[in-house]
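Me: Got a model open here and want to go through its contacts. Can you take my questions as they come?

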Amino acid sequence: MHSGFATRHLCVLTLICAGVMAAAPQFQQTGSLEGEVRPSEQALGLTVEIFDTSRRMVVDRTATSLSGQFLFRNLQLGDYQVRVTDAQGNVVSQEFVRVSGSMDHVSLQLPERRTDRPPQGTVSVQQLGRIKIPKAARKEFDKGVAAAGKSDSEGAIKHYRKALEIAPDYMEAHTNIAVRLLESQQTQEAVQHLERAVELDPGSSLAFTNLAAAYMLLQRLPEAERAARQAERLDPASARARYMLGLALANLRQTAEALRYLNTVVDEIPRARLALAQLMVDADKREEAVDQLRKYIASRDVRDRDKATSWLATLEAPQGESAGAPGNIRASNGGH
């Protein structure tokens with residue numbers, strides 16, 4: 001399977017996108033769609049969204065249940081695309097369905113897990129099963145996942161620490177605690193855990209992506225570029241890896257290559273348009289920057305919409321006024 005789905009809920013630095021729901025017009029016949037994501041043990045933490053192919057828009061979005069099931073109600077009759085997305089908004093499974101007015105059903109199959117080939121012939125000890133995680137450590141890890149699901153970073157960190165006390169080489173615990181430490185602005189410690197995670201599993205694109213994001217926060221840009229390149233090399237299909245590589249390259253003023261990577265992810269990660277806008281401003285291409293900001297504002301990502309709107313107003317003001325971006329948009333890694 002895609003390397004972003006590591007065993008037992010490996011965490012990522014998330015890109016949260018607000019759901020969009022369209023109410024059915026009054027007096028218009030509607031239908032419902034139920035379904036499940038299989039295998040259900042891999043479905044926790046994923047999102048299912050339904051895309052109206054005629055109106056070209058996402059009309060509803062929901063998290064999967066523990067059993068992988070989901071339900072959409074009050075859908076206008078017609079053709080839809082049902083998508084399963086991960087925390088970054090990457091589509092990992094999709095099916096086309098027709099809502100006919102009754103309770104329609106769809107089943108979405110997640111890609112088969114795959115073991116990425118580690119670099120230089122190194123094999124992950126956990127992938128080979130040489131490290132057996134004690135039951136007590138797994139129990140603490142699961143408690144950490146549950147706490148994180150309730151936005152309790154402090155509680156999650158506490159349980160992940162206990163898991164690592166029992167099993168110091170528990171790769172997933174190193175990655176998950178790092179994400180929560182980054183949320184708590186404990187970046188240096190987070191980097192230590194992520195560096196250990198990639199030592200334990202040098203074939204994990206996700207771990208290298210998270211490490212690149214942490215390096216970005218510390219302005220360790222050459223290291224961020226190396227980590228992001230390794231993440232992209234391990235999983236070229238990962239939008240998150242390409243986004244992080246584009247950001248690192250933009251900060252290193254390697255503009256041409258940065259543009260190439262960032263332009264490939266604007267649909268999956270709308271915030272890439274903010275970095276593209278900054279690159280356009282730096283190149284004195286005001287109209288192109290304005291276009292990127294307008295497209296970002298129209299996207300589903302709402303976190304930086306106010307900042308982008310303010311910046312757009314500045315760019316559209318008379319030429320004598322400053323066109324610089326408010327805040328540090330260029331170096332933003334999208335993780336918080």
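Me: Which residue is the bridge partner of Val-82 in β6?
Reply: Glu-95 is the partner of Val-82 there. This is a predicted model.

Me: How many bridges join β5 to β6, and which way do the strands run?
Reply: There are 8 bridges between β5 and β6, and the two strands run antiparallel.

Me: What is the strand order of the sheet they belong to?
Reply: The order is β3-β2-β5-β6, an open sheet of 4 strands with antiparallel pairing. At its edges stand β3 (57-63) and β6, each with a single partner strand, so each has one side without a neighbour in the sheet. On average, neighbouring strands here are turned by 20° against each other, direction ignored.

Me: Side chains next. What does Asp-79 form a salt bridge with?
Reply: Arg-98 is its partner, and the closest N and O atoms are 2.6 Å apart. This pair links distant parts of the chain, with Asp-79 in strand β5 (residues 78-85) and Arg-98 in strand β6 (residues 91-99), 19 residues apart.

Me: Is Arg-98 buried or exposed?
Reply: Arg-98 counts as exposed, at 58% relative accessibility. Asp-79 is partly exposed, because its relative accessible area is 34% and that class covers values between 20% and 50%.

Me: Which ring does Arg-83 lie over?
Reply: Arg-83 lies over the face of Phe-51, 4.2 Å from the ring centre.

Me: Back to salt bridges. How many does the count come to?
Reply: The count comes to 15 salt bridges. One of them is between the side chains of Glu-257 and Arg-260, at 3.7 Å from N to O.

Me: Where do Glu-257 and Arg-260 lie?
Reply: Both are in helix α8 (residues 255-263), 3 residues apart, or about one turn of the helix. Glu-257 has a relative accessible area of 18% and is buried, since the cut-off for buried is under 20%.

Me: And what about Arg-271, which residue does it form a salt bridge with?
Reply: Arg-271 forms one with Asp-304, where the closest N and O atoms are 2.3 Å apart. Here too the pair links distant parts of the chain, 33 residues apart. Arg-271 is in the loop between α8 and α9 (272-282), while Asp-304 is in the loop between α10 (286-297) and α11 (305-315).

Me: Are those two buried or exposed?
Reply: Arg-271 counts as buried, at 7% relative accessibility. Asp-304 counts as buried as well, at 14%.

Me: Which residues do salt bridges with shared partners join into one network?
Reply: That network consists of Glu-225, Arg-229, Glu-257 and Arg-260.

Me: Changing topic to the nonpolar core. How many residues has the largest one?
Reply: The largest nonpolar core has 70 residues. Tyr-170, Tyr-243, Met-244 and Leu-293 have the most contacts inside it. Helix α7 (residues 239-251) gives the most to this core, with 9 residues.

Me: What lies apart from it?
Reply: Another core, of 19 residues, lies apart from it. Among its members are Val-37, Phe-70, Phe-72 and Leu-75.

Me: Leu-75 again: which residue has it as bridge partner in β4?
Reply: Gly-31 is the one paired with Leu-75 of β4. Strand β1 (residues 30-38) and β4 run antiparallel and are joined by 6 bridges.

Me: What is the order of the 3 strands in that open sheet?
Reply: The order is β4-β1-β7, and the pairing is mixed. The edge strands, β4 (69-76) and β7 (103-109), each pair on one side only. Neighbouring strands of this sheet are turned by 25° against each other on average, ignoring direction.

Me: Last topic. How many aromatic pairs does the count come to?
Reply: It comes to 3 aromatic pairs. In the pair of Phe-141 and Tyr-160, the ring centres are 5.5 Å apart and the planes are at 50°, so the pair is tilted.

Me: Which helices do Phe-141 and Tyr-160 lie in?
Reply: Phe-141 lies in helix α1 (residues 135-149) and Tyr-160 in helix α2 (residues 153-166), so the pair ties together parts 19 residues apart in sequence. Phe-141 counts as buried, at 0% relative accessibility, and Tyr-160 counts as buried at 0% too.

Me: And which residues form the aromatic cluster?
Reply: Phe-141, Tyr-160 and Tyr-170 form one cluster. Tyr-170 is also one of the residues with the most contacts inside the largest nonpolar core.

Key:
Residues numbered from 1 in each chain as written. Predicted model: local features only at pLDDT ≥ 70, side-chain atom pairs only at ≥ 80, totals over all residues. Heavy atoms only, no water. Salt bridge = Lys/Arg side-chain N within 4 Å of Asp/Glu carboxyl O. Buried < 20%, exposed > 50% of the residue type's maximum accessible area, 1.4 Å probe, protein only. Core = buried A, V, L, I, M, F, W, Y, C linked by side-chain atoms within 4.5 Å. Pairing = 2+ DSSP bridges. Axes fitted to C-alpha atoms, helices over the stretch in contact; angles between N-to-C directions. Phe/Tyr/Trp six-rings, centres within 6.5 Å; stacked < 30°, edge-to-face > 60°. Lys NZ or Arg CZ within 6 Å of the ring centre and 35° of its normal.
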